[in-house]
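Please open the model in the viewer and keep the selection panel at hand. The tour proceeds by selections, each followed by a description of what is to be found there.

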Amino acid sequence: MHQKIPFFYVSLSIIMLQIFNFFIMFLLLFFLFLFCSFRIYIYFCRQNSKHIIMKAMTLSPSSPVSAKYWSELKDLSNSVKLELITLLSSSVANSVSEPSSEKGWTKSFAGRWQDDRTAEEIIEDIRSSRNANLKELVL
């Protein structure tokens, strides 16, 4: 004998199936969106890099100093140019990292003060050399 399944259970299972289908469709669309966004991002990055390279190839030196160096260096071989780029890049990288070493610049003054007086005598000299304005202010 077959038992009758209540209508409530049938409708609940249909609703759950629809929710599951909706969730699967949502995931598929979401991953499709991510994939397309990534492809668009890569496309624009490539276009931008091509634009930057083309712009760099057509640039002329902006200062007279760089124009002078460019006129001297433009006819060098590619290997020499690459070596120069490496040397210039490393010099810029070294100059950028210098501020971290400048943090302790005050340590170079330690032990530099030469005086035969005691600390109390130095303090007394400083206090006695003050010239406070003792005149009354008239407003």
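The stops below run from the whole chain to its helices, a surface patch, an aromatic cluster and a set of salt bridges.

**The whole chain**

Begin with the entire protein chain, bearing in mind that this is a predicted model. Colouring by secondary structure shows four helices and zero strands, in the order α-α-α-α from the N terminus on. Now colour by confidence. The mean pLDDT of the protein chain is 76, and 71% of the residues score at least 70. Among the elements, helix α4 (residues 119-128) has the highest confidence, at 88, whereas α3 has the lowest, at a mean of 74.

Next, display the surface. The accessible surface of the protein chain amounts to about 14,200 Å², and carbon and sulfur atoms account for 67% of that surface. What share of the 139 residues is buried? The figure for buried residues is 0%.

**The nonpolar patch**

Select V65, Y69, W70, L73, L76, V80, L84 and L87, which together form a nonpolar patch on the surface with about 700 Å² of accessible area. Which helices each supply at least two residues of this patch? They are α2 (64-73) and α3 (78-101). Helix α2 makes the greatest contribution, with four residues. L87, also a member of the patch, is found in helix α3.

Centre the view on L73, which lies in helix α2. L73 is partly exposed, its relative accessible area being 33%. Which residues does L73 contact once its neighbours within four places in sequence are left aside? The contacts are with K81 and L84. To follow the second of these, draw a C-alpha to C-alpha distance between L73 and L84: the two residues stand eleven residues apart in sequence and 9.6 Å apart in space.

**The aromatic cluster**

Move to helix α1 (residues 7-58) and select F26 and F30. Two aromatic pairs are counted in the structure. F26 and F30 make up a stacked pair, with 6.4 Å from centre to centre and 15 degrees between the planes. Because F26 and F30 are four residues apart in helix α1, about one helical turn separates them. Both side chains can be viewed from the surface representation: F26 is partly exposed at a relative accessible area of 48%, and F30 is partly exposed at 39%.

Add F31 to the selection. The ring centres of F30 and F31 are 5.7 Å apart and the planes meet at 65 degrees, so this pair is edge-to-face. F26, F30 and F31 thus appear as one aromatic cluster.

**The salt bridges**

Finally, select D115, R117 and D125, which are linked in a network of salt bridges. Side chains of opposite charge can pair when their charged atoms come close. How many salt bridges does a search of the whole structure find? The search finds two. In one, the side chains of R117 and D115 meet at 2.7 Å, N to O. In another, R117 pairs with D125, with the closest N and O atoms 2.2 Å apart.

Switch the surface on again to judge how these residues are covered. R117 is partly exposed, with a relative accessible area of 33%. D115 also counts as partly exposed, at 30% relative accessibility, and D125 is partly exposed at a relative accessible area of 35%.

Note on methods
Residues are numbered from 1 along each chain as its sequence is written. This is a predicted model: local features need pLDDT of at least 70, side-chain atom pairs count only at pLDDT 80 or more; totals for chains, interfaces and linings use all residues. Side-chain values use heavy atoms; hydrogens and water are left out. Patches are made of residues with over 30% relative accessible area and no salt bridge: like charges are joined within 9 Å, nonpolar side chains (Val, Leu, Ile, Met, Phe, Trp, Tyr) within 5 Å. Accessible areas come from the Shrake-Rupley method with a 1.4 Å probe; for residues, only the protein chains shown count as cover. A salt bridge is a side-chain nitrogen of Lys or Arg within 4 Å of a carboxyl oxygen of Asp or Glu. Rings of Phe, Tyr and Trp (its six-membered ring) pair if their centres lie within 6.5 Å; planes under 30 degrees apart count as stacked, over 60 as edge-to-face and the rest as tilted. Buried means under 20% relative accessible area, exposed over 50%, partly exposed in between (1.4 Å probe, protein chains only). pLDDT is the predictor's confidence in each residue, from 0 to 100. Contact means heavy atoms within 4.5 Å.
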